[in-house]
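Colleague: Before I set anything up with this protein, I would like to go through its packing, its charges and its surface with you. Could you put the structure up first?

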Amino acid sequence: MTKSLRRALIGFAAFVVVCVVSAVALTAVFAQLRFQPEQTYNAEFSDVSGLAVNDFVRIAGVEVGKVKKISINKNNLAVVEFTAESTVLLTQGTKAALRWADPIGTRYMALLEGAGGLQRLDPGGTIPVQRTEPALDLDVLLGGFRPLFRALDPQQVNALSGQLIQALQGEGTTIGSFLSQTAAVTGTLADRDELIAQVITSLDTVLGTLGGQSDQLRKAVDSLSGLVQALAARKTDIRNTVAYTNASSATLTDLLRHAREPFKNTIAQSDRATSIIDADHDYLDNLLDTLPDSYKALARMGMYGDFFSYYLCDLFLKLNGKGGQPVYIKLAGQDSGRCAPK
């Protein structure tokens, strides 16, 4: 009993340790925690719109720290307190600039090497407002491109706006490449000018036709409105009809399920009967050929009353012989009178 309890406690302890380690790892990943030694610095900005606490601090695109606090000093300047790894060397010429991380407005702070002294900036030091740059105000600029964006698909809009942001921030692409991309897009639209003109002409024709048929269009709208109102007034009946149809469908399904086996047997027996008829089709053909004459003879015999008169010439008994072959046994017969051979 003691060994079992000890084994259970050891297993439970191992399970708890694994859970705690996993929870700490997940928290570190999703919370983007940094465990390397960091140093704190400050930077003054005239405008920090869009920047938030825990936004990244980057050098050449590499994350080296985070924004820890944003406040206002006595000169009405925004003071951003941020951290950087201890291996990062900031100097008296280091510049800080706010950048757009994506077109939807996420920001980050970039540390750049600018003109100035090469003396080390001590931890807790401040980058003055003369060496900082606020984020670009792209709302007005992107608003000016709105007519162009409406003519593009979402992927082209994202690519174009992303290149525009990078170009104006001095990152990667240049204004020349952006203009080349814009020229390619507008060239694509220009290549479709004939199609656009045809669409406009067709729309003008359609609108002119609708304008000439305004009375009929108004009547159609009124009729449609009346139909909708009538359907709304009878919504209870429609709902009941749908419910009854559903119940009928269930009943029909149940009926078909129960009748499936009898139908199967009927089809099997029909196939068997068809096979027998096909095997003796000569007899069936002869029977169908002689039945009309036989029915005529029977009709003449029934003219005397509700009885039939027969004259016995021969009486045979048909039996099944060896191998299924028929055997005929003559029981009575005569060769004179009406039965004389002709």
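Modeller: What follows is a set of questions and answers on this structure, which is a predicted model.

Colleague: Let us begin with the interior: which strand gives the most to the largest nonpolar core?

Modeller: The largest nonpolar core has 20 residues, and those with the most contacts inside it are Phe45, Phe82, Met109 and Leu111. At least two residues of this core come from each of β1 (38–45), β3 (62–72), β4 (78–85), β5 (94–100) and β6 (107–113). The strand that gives the most, with four residues, is β4.

Colleague: Is Thr91 buried or exposed?

Modeller: Thr91 has its place in the loop between β4 and β5, and its C-alpha lies 5.4 Å in space from that of Gln119, although the two are 28 residues apart in sequence. Because its relative accessible area is 7% and the cut-off for burial is under 20%, Thr91 counts as buried.

Colleague: Turning to backbone geometry, what is the phi of Asn54?

Modeller: As background, most residues other than glycine have a negative phi. Asn54 sits in the loop between β1 and β2 (56–59), where it is partly exposed at a relative accessible area of 43%. Its phi is positive although the residue is not glycine, with a value near 80 degrees.

Colleague: And in which loop is Asn76 found?

Modeller: Asn76 also has a positive phi in a residue other than glycine, near 60 degrees. It counts as exposed because its relative accessible area of 65% is over the 50% cut-off. The loop that holds Asn76 is the one between β3 and β4.

Colleague: How far apart in space are Ser71 and Glu81?

Modeller: Ser71 belongs to strand β3 and is partly exposed, with a relative accessible area of 28%. Ser71 and Glu81 are ten residues apart in sequence, and their C-alpha to C-alpha distance in space is 8.3 Å.

Colleague: Now to the charges: how many salt bridges does the structure hold, and what is the N to O distance for Arg58 and Glu63?

Modeller: In general, side chains of opposite charge can pair when their charged atoms come close. The structure holds six salt bridges. In one of them Arg58 is partly exposed, with a relative accessible area of 22%, and Glu63 is partly exposed as well, at 34%. The side chains of Arg58 and Glu63 meet with an N to O distance of 3.8 Å.

Colleague: Which residues are linked in a network of salt bridges?

Modeller: A useful starting point is the salt bridge between the side chains of Glu133 and Lys95, at 3.3 Å from N to O. This pair links distant parts of the chain, with Glu133 in strand β8 (residues 132–133) and Lys95 in strand β5, 38 residues apart. Glu133 counts as partly exposed at 30% relative accessibility, and Lys95 likewise at 27%. The network is made up of Lys95, Arg99 and Glu133.

Colleague: With which residue does Arg234 form a salt bridge?

Modeller: Arg234 counts as exposed because its relative accessibility of 52% is over the 50% cut-off. Its partner is partly exposed, with a relative accessible area of 39%. The closest N and O atoms of the two are 3.4 Å apart, and the residue that pairs with Arg234 is Asp237.

Colleague: On the surface, which residues gather in a patch of negative charge?

Modeller: One member of the patch, Asp282, is found in helix α9 (residues 281–301). Asp282 is exposed, with a relative accessible area of 55%. The residues that gather in this patch of negative charge are Asp280, Asp282, Asp285 and Asp289.

Colleague: Finally, how much accessible area do the residues of the nonpolar patch have together?

Modeller: The nonpolar patch draws at least two residues from each of β9 (314–320) and β10 (326–333). One of its residues, Leu317, is found in strand β9 and is partly exposed, with a relative accessible area of 38%. Leu312, Leu315, Leu317, Leu319, Val327, Ile329 and Leu331 form the patch, and together their accessible area is about 570 Å².

Notes:
Residues are numbered from 1 along each chain as its sequence is written. This is a predicted model: local features need pLDDT of at least 70, side-chain atom pairs count only at pLDDT 80 or more; totals for chains, interfaces and linings use all residues. Side-chain values use heavy atoms; hydrogens and water are left out. Patches are made of residues with over 30% relative accessible area and no salt bridge: like charges are joined within 9 Å, nonpolar side chains (Val, Leu, Ile, Met, Phe, Trp, Tyr) within 5 Å. Accessible areas come from the Shrake-Rupley method with a 1.4 Å probe; for residues, only the protein chains shown count as cover. A salt bridge is a side-chain nitrogen of Lys or Arg within 4 Å of a carboxyl oxygen of Asp or Glu. Lys and Arg count as positive and Asp and Glu as negative; His and the chain ends are not counted. The place of a charge is taken as NZ of Lys, CZ of Arg, CG of Asp or CD of Glu. Buried means under 20% relative accessible area, exposed over 50%, partly exposed in between (1.4 Å probe, protein chains only). A nonpolar core is a set of buried Ala, Val, Leu, Ile, Met, Phe, Trp, Tyr and Cys residues joined through side-chain atoms within 4.5 Å.
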